[in-house]
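Student: I'm new to this structure and a bit lost. Please pick one strand, look at it closely, and then show me how its surroundings connect to the rest.

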Amino acid sequence: GNTTYYSSPKQIGALTDWVVISNGQSHCLATKTNGTLWAWGFNASGGLGLGDTVNRSSPTQIGALTNWSTVTAGYFGGLAVKTDGTLWSWGKNNQGQLGLADTADRSSPVQVGALTNWLKTAAGYLHSIAIKTDGTLWAWGANNFGQLGLGNTTNRSSPNQVGALTNWLNIACGYYFTIATKTDGTIWSWGNGSNGQLGLGGTSNVSSPSQIGSLTNWLDVSCGAYFSMAIKTDGTLWSWGFNDQGQLGLGNKTNYQSPKQVGALTNWSIVANGSSASYSIKTDGTLWSWGLNNVGQLGLGNITYYSSPKQVGSLTGWTSLSKSSGTGLFKVAIART
């Protein structure tokens with residue numbers, strides 16, 4: 001309800017029915033248990049989906065529908081899937097990132113095609129990635145670094161299938177790159193590799209999915225602006241890429257071109273990133289953060305940077321972290337008490 005900065009977690013209202021949350025550069029999108037869709041924050045290019053470009057400082061419902069399933073905030077827009085499997089998009093569209101076969105901005109949700117088998121989405125700076133219920137992978141938007149995974153650097157304004165495989169499981173996007181896991185536990189990357197964020201042992205760009213190592217126990221993935229993090233099935237946490245603010249959590253500011261384990265703990269459950277900050281929830285429900293903290297985005301009550309994980313408060317009821325495009329200077333999380 002205001003524009004005051006906060007360096008410790010503050011509850012948004014008093015409701016207890018929030019389910020899915022995602023933050024972009026300066027806005028947030030969320031769904032509730034009743035299937036409604038909500039937005040707040042900066043509203044350039046209609047990124048809130050409210051039919052205008054007016055900023056909101058409190059959650060505002062998008063339309064009146066109650067069949068929204070999941071939502072992803074892009075840099076200045078959003079992607080959402082309904083319970084009927086349809087895909088919808090809105091906001092900034094200068095590179096075709098809305099998937100609507102043009103480059104015109106939209107300030108309200110518009111359906112992407114007519115298919116009803118969309119499952120999950122991810123958004124980068126100017127590109128979008130999605131998985132269908134059949135396990136196929138699709139991409140559209142900016143492709144200057146090969147971040148669409150289509151084997152070239154041509155932009156697409158409509159969804160294009162990435163290869164022919166049907167075993168894609170989880171997806172995450174950084175500024176100009178994409179990370180994904182398959183049902184066989186392997187992890188893959190493509191796009192801009194300038195800071196080692198692809199985890200392939202170098203800094204070259206890659207325009208087709210390339211496997212990171214040969215392990216088959218990767219589970220959850222997340223991306224910051226130019227770095228990546230992942231959790232394995234054994235509960236260990238791993239990071240790689242740009243590390244100028246200590247966002248890799250390795251106790252230093254050294255860049256790494258291959259995955260490095262963060263500490264020795266085996267109880268990490270969920271990982272998420274901002275532009276240059278990292279967040280994770282452990283199996284005990286505690287919340288941890290590290291990296292850039294210039295506006296208090298780590299939630300630690302200060303603006304001190306940290307290069308190793310630090311616990312946010314003492315609560316043990318954290319259940320969900322915003323999965324975003326790795327661009328925001330803030331973080332939203334859900335706690336169940």
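Tutor: Here is a walk that starts at one strand and works outwards.

This is a predicted model, so local features need pLDDT of at least 70 and side-chain atom pairs count only at pLDDT 80 or more, while totals for chains, interfaces and linings use all residues. Residues are numbered from 1 along each chain as its sequence is written, and side-chain values use heavy atoms, with hydrogens and water left out.

Let's begin with strand E11, residues 137-141. The labels come from DSSP runs numbered from the N terminus: a strand (E) has at least two residues, a helix (H or I) at least four. E11 is mostly covered, with five of its five residues buried. Buried means under 20% relative accessible area, exposed means over 50%, and partly exposed is in between, using a 1.4 Å probe and protein chains only.

E11 has a partner on E10, residues 127-132, which runs antiparallel to it and is joined by five bridges. Two strands count as paired if DSSP finds at least two bridges between them. One of those matches puts His127 with Gly141 of E11. The two strands make a hairpin with four residues between them, and Gly135 in that turn has a positive phi of about 85°. E11 also pairs with E12, residues 156-161, again in the antiparallel sense, this time over three bridges. There, Ala139 has Asn160 as its bridge partner.

Now for what E11 helps to build. The largest nonpolar core has 27 residues, and Leu137 is among those with the most contacts inside it, along with Trp168, Ile171, Ile179, Ile187, Trp190 and Trp240. Such a core is a set of buried Ala, Val, Leu, Ile, Met, Phe, Trp, Tyr and Cys residues joined through side-chain atoms within 4.5 Å. E10 and E11 each supply at least two residues of this core, and so do E13 (168-173), E14 (177-182), E15 (187-191), E17 (218-223) and E19 (237-241). E13 gives the most, with four residues.

Trp168 is a good one to click on. Leaving aside its neighbours within four places in sequence, Trp168 is in contact with residues including Leu137, Gly135, Thr136, Ile131, Trp188, Trp190 and Pro209. Contact here means heavy atoms within 4.5 Å. So the hairpin turn shows up again: Gly135 is one of the residues that Trp168 touches. A second, separate core of twelve residues includes Ile62, Val71, Ala73 and Ala80.

Further along the chain, look at Ser320, whose place is in strand E25, residues 318-321. Ser320 is counted as buried because its relative accessible area is 18%. Setting aside neighbours within four places in sequence, Ser320 is in contact with Val19, Ile21, Ile270, Ile281, Ala333 and Ile334.

For a contrast, try Ala101, in the loop between E7 (87-91) and E8 (106-111). Ala101 counts as exposed because its relative accessibility is 52%. Its phi is near 70°, a positive value in a residue other than glycine. Ser45 also has a positive phi, of about 65°, although it is not a glycine, and Ser45 is found in the loop between E3 (37-41) and E4 (56-61).
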